[in-house]
Amino acid sequence: MPVATLDACVLYKGMLTDLLLWIARQGAFDPVWSDEIHDEWSRNLAERLPPEKIAYRRSEMEKAFVAANVQPRPVLISTIQGLCRTAAQRKDAHVVATAVDAKADVIVTTNVKDFDPDILRHYGLTKQRPDAFLVGLLATGQAQVLAGVQAHRASLKRTNPTVGQYLTDLASPKLEVPWFSRSLEAHTASI
């Protein structure tokens, strides 16, 4: 089972985060983050959500995935920052360090430009957009992914989307998982 470090730009997107975590809960992958990653997505959501909702979301993530929060070694963060070529890469060095110390396989991010491929390769890591990550999971762990998708759709009690509406929502530009949505069309009976 792959171990994936979820970057703040992914955790910032509520429905995408929920989808990923429902799929992880079914055993398709092990999610990883750090307090600094939590702080980053929390700051980004502060303009849209009250602090108590953000704190609740973080608390629920920590309860559901007790081993997911990994604190990277400060010396490793500094070492990675020294390898970085840009300020943006240095700013996200903590994400790479979290992935290294968690023994992750991949960093799932929508911000792929901030992760230098040479640095990732040096540490045995890759980077993937959520869409490619989910399509890959579907190919290797179809039963777990479909169970996670089904559980995620069922959790949307307020909107109670039909399968068609759900796939349309996943295909929306703000979620950035159109290939995954299209891949699910072959499995509508399982969603």
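**Figure 1. Helix α4 in this predicted model spans the length expected for its residue count.** Helix α4 runs over residues 51-64, which makes 14 residues. At 1.5 Å a residue, the helix should span 20 Å, and its end C-alpha atoms are indeed 20 Å apart, so the two values agree. The structure shown here is a predicted model throughout.

**Figure 2. Helix α4 has a buried side and an exposed side.** Ile54, Arg57 and Met61 are the buried residues to look for in α4. They sit on the same side of the helix, because they cover an arc of only 60 degrees around its axis. The other side of α4 carries exposed residues: Pro51, Glu52, Tyr56 and Lys63. The cover over the buried residues of α4 includes three other helices, α1 (8-11), α2 (14-25) and α3 (35-45).

**Figure 3. The largest pocket is lined by 24 residues.** Its volume is about 1,000 Å³. Gly14, Asp18, Arg57, Ser155 and Leu156 are the lining residues that lie nearest the centre of the pocket. Arg57 also belongs to the buried set of α4. Helices α2 and α4 each supply at least two residues of the pocket lining. Helix α2 gives the most, with seven residues. By class, the pocket lining divides into eleven nonpolar, four polar and nine charged residues.

**Figure 4. One cavity of 30 Å³ or more turns up in a search of the whole structure.** The largest cavity has a volume of about 50 Å³. Its lining consists of Ile80, Cys84, Gln89, Asp92, Ala93, Val96, Asp114, Phe115, Asp116, Ile119 and Leu120. Helices α7 (93-101) and α8 (117-122) each supply at least two of these lining residues. Seven residues of the cavity lining are nonpolar, one is polar and three are charged.

**Figure 5. Helix α7 is largely enclosed by the rest of the structure.** Eight of its nine residues are buried, which is why the helix counts as enclosed. The buried residues of α7 are Ala93, His94, Val95, Val96, Ala97, Thr98, Ala99 and Val100. Among them, Ala93 and Val96 also line the largest cavity. Just after α7 comes Lys103, which takes a positive phi of about 60 degrees.

**Figure 6. Val95 is a buried residue of helix α7.** Is Val95 buried or exposed? Its relative accessibility is 0%, so Val95 counts as buried. Which residues does Val95 touch, leaving aside its neighbours within four places in sequence? The contacts are Thr5, Asp7, Ile37, Ile107 and Phe115. Phe115 is also part of the lining of the largest cavity. Leu146 is 51 residues from Val95 along the chain, and the C-alpha atoms of the two are separated by 28 Å.

**Figure 7. His187 lies in the segment after helix α12.** Helix α12 covers residues 178-184. With a relative accessible area of 18%, His187 is buried, because buried means under 20%. Its contacts, leaving aside neighbours within four places in sequence, are Leu138, Gln142 and Leu146. Leu146 appears in the Val95 view as well, with its C-alpha atom 28 Å from that of Val95.

Conventions:
Residues are numbered from 1 along each chain as its sequence is written. This is a predicted model: local features need pLDDT of at least 70, side-chain atom pairs count only at pLDDT 80 or more; totals for chains, interfaces and linings use all residues. Side-chain values use heavy atoms; hydrogens and water are left out. Helices (H or I, at least four residues) and strands (E, at least two) are DSSP runs, numbered from the N terminus. The expected span of a helix is 1.5 Å times one less than its number of residues. Buried means under 20% relative accessible area, exposed over 50%, partly exposed in between (1.4 Å probe, protein chains only). The arc is that of the directions from the helix axis to the C-beta atoms. Contact means heavy atoms within 4.5 Å. On a 1 Å grid over the protein atoms alone, a cavity is a set of points where a 1.4 Å probe fits but cannot get out, and a pocket is an open set with protein on both sides within 12 Å along at least five of seven lines; lining residues have an atom within 4 Å of a point. Grid points are joined across faces, edges and corners, and a volume is the space filled by probe spheres set on the points. Ala, Val, Leu, Ile, Met, Phe, Trp, Tyr, Cys and Pro count as nonpolar, Asp, Glu, Lys and Arg as charged, and the others, Gly among them, as polar.
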